[in-house]
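Hi,

Here is the structure I said I'd pass along. Have a look at it first, and my notes are underneath.

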Amino acid sequence: MDALHVESRSLFQKVLTTFIISLLISTGGLYVGQFVPAAFMLPLALAEVVMVIVAFWLRRNKSIGYSFLYAFSFISGITMFPIVSHYASLAGAQIVLMAFGTTSGIFVVMGFLGTKMIKRDLGSLGSFLMVATLALVFIGVFNIFMPLSSTGMLAFSTIGAIVFSLWILYDFNQMKHSPITEEMIPLLALSLYLDFINLFIDILRFFGILSSDD
């Protein structure tokens, strides 16, 4: 039993390490993004969407490759540059750091709650979160053609932040209650990465809207 516990803990730490590496690679992509012509952003964003769909499809096999994960992280970093740049120019670089710090704090707290404080399996929460995420995607697409007001975007960002905070709680909780294998590590790290990045974008947008309204 002790050996299994040690192995499980080791694999969990590998998931976190892989997640951190993904964030670092994404940061590299964010830096590169400033040199990428605007005309390439839409094709890269479409490639990112396709990769998310592929990753979701591969979930049934519970595995994706490390190269897939890191390539996705790099591309998503590039496509995130216009968003980060917009709010940095709108309210200053400090708002980006504040959003990142807030996201990191929520990530740590939700991770701690999911693995240490909440004892029961939150598997039933997954269906609700999936429906909520699809609703956010639908509203996001709707916003492209019929932009929401600043109040509407503020509400959209707040709901998004809540949903992805719960995703963090859920994903950590599931890692606690489900056995982790070596093959699952990149996929689990990708889930955490998507949770973190989407939460960061929602919080950044939230702070950006509040700053622009001042």
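Charges first: the protein has 10 positive and 11 negative ones, and the mean positions of the two sets lie 8 Å apart. Keep in mind throughout that this is a predicted model.

On the overall fold, you'll find 7 helices and 0 strands, so going from the N terminus the order reads α-α-α-α-α-α-α. The radius of gyration comes out at 17 Å, close to the 17 Å that the globule rule gives for 214 residues, so the protein is as compact as a globular protein of that length. The C-alpha trace spans about 55 × 30 × 30 Å along its principal axes. Take the contacts between residues at least 6 apart in sequence: 89% of them join residues at least 24 apart.

As for inside and outside, 39% of the 214 residues are buried. The protein exposes about 11900 Å², with carbon and sulfur atoms supplying 73% of that.

Now the core. The largest nonpolar core holds 51 residues, and the members touching the most others are Phe-19, Phe-200 and Leu-204. At least two core residues come from each of these helices: H1 (2-33), H3 (66-91), H4, H5 (125-145), H6 (150-177) and H7 (185-213). H7 gives the largest share, 16 residues. In soluble globular proteins, nonpolar side chains tend to be buried together.

Which residues does Phe-19 contact, leaving aside neighbours within four places in sequence? They are Phe-107, Ala-189, Leu-192, Tyr-193 and Phe-196.

Two residues in helix H4 are worth clicking on:

- Phe-100 sits in H4 and counts as partly exposed, because its relative accessibility is 41%. Setting aside neighbours within four places in sequence, Phe-100 is in contact with Phe-196 and Phe-200. Phe-100 and Leu-204 are 104 residues apart in sequence, yet their C-alpha atoms are 7.9 Å apart in space.
- Thr-115 is also placed in H4, which covers residues 93-117. Is Thr-115 buried or exposed? Thr-115 is buried, because its relative accessible area is 17% and the cut-off for buried is under 20%. Not counting residues up to four places away in sequence, Thr-115 touches Phe-12, Phe-172 and Lys-176.

If you open the model, Phe-196 is a handy place to start, as Phe-19 and Phe-100 both contact it.

Cheers

How values were computed: Residues numbered from 1 in each chain as written. Predicted model: local features only at pLDDT ≥ 70, side-chain atom pairs only at ≥ 80, totals over all residues. Heavy atoms only, no water. Helix = DSSP H or I, 4+ residues; strand = E, 2+ residues; numbered from the N terminus. Buried < 20%, exposed > 50% of the residue type's maximum accessible area, 1.4 Å probe, protein only. Contact = heavy atoms within 4.5 Å. Rg over C-alpha atoms; globule rule 2.2 N^0.38 Å. Areas by Shrake-Rupley, 256 points an atom, 1.4 Å probe, with all protein chains shown as cover. Lys, Arg positive; Asp, Glu negative; His and termini not counted. Charge placed at Lys NZ, Arg CZ, Asp CG, Glu CD. Core = buried A, V, L, I, M, F, W, Y, C linked by side-chain atoms within 4.5 Å.
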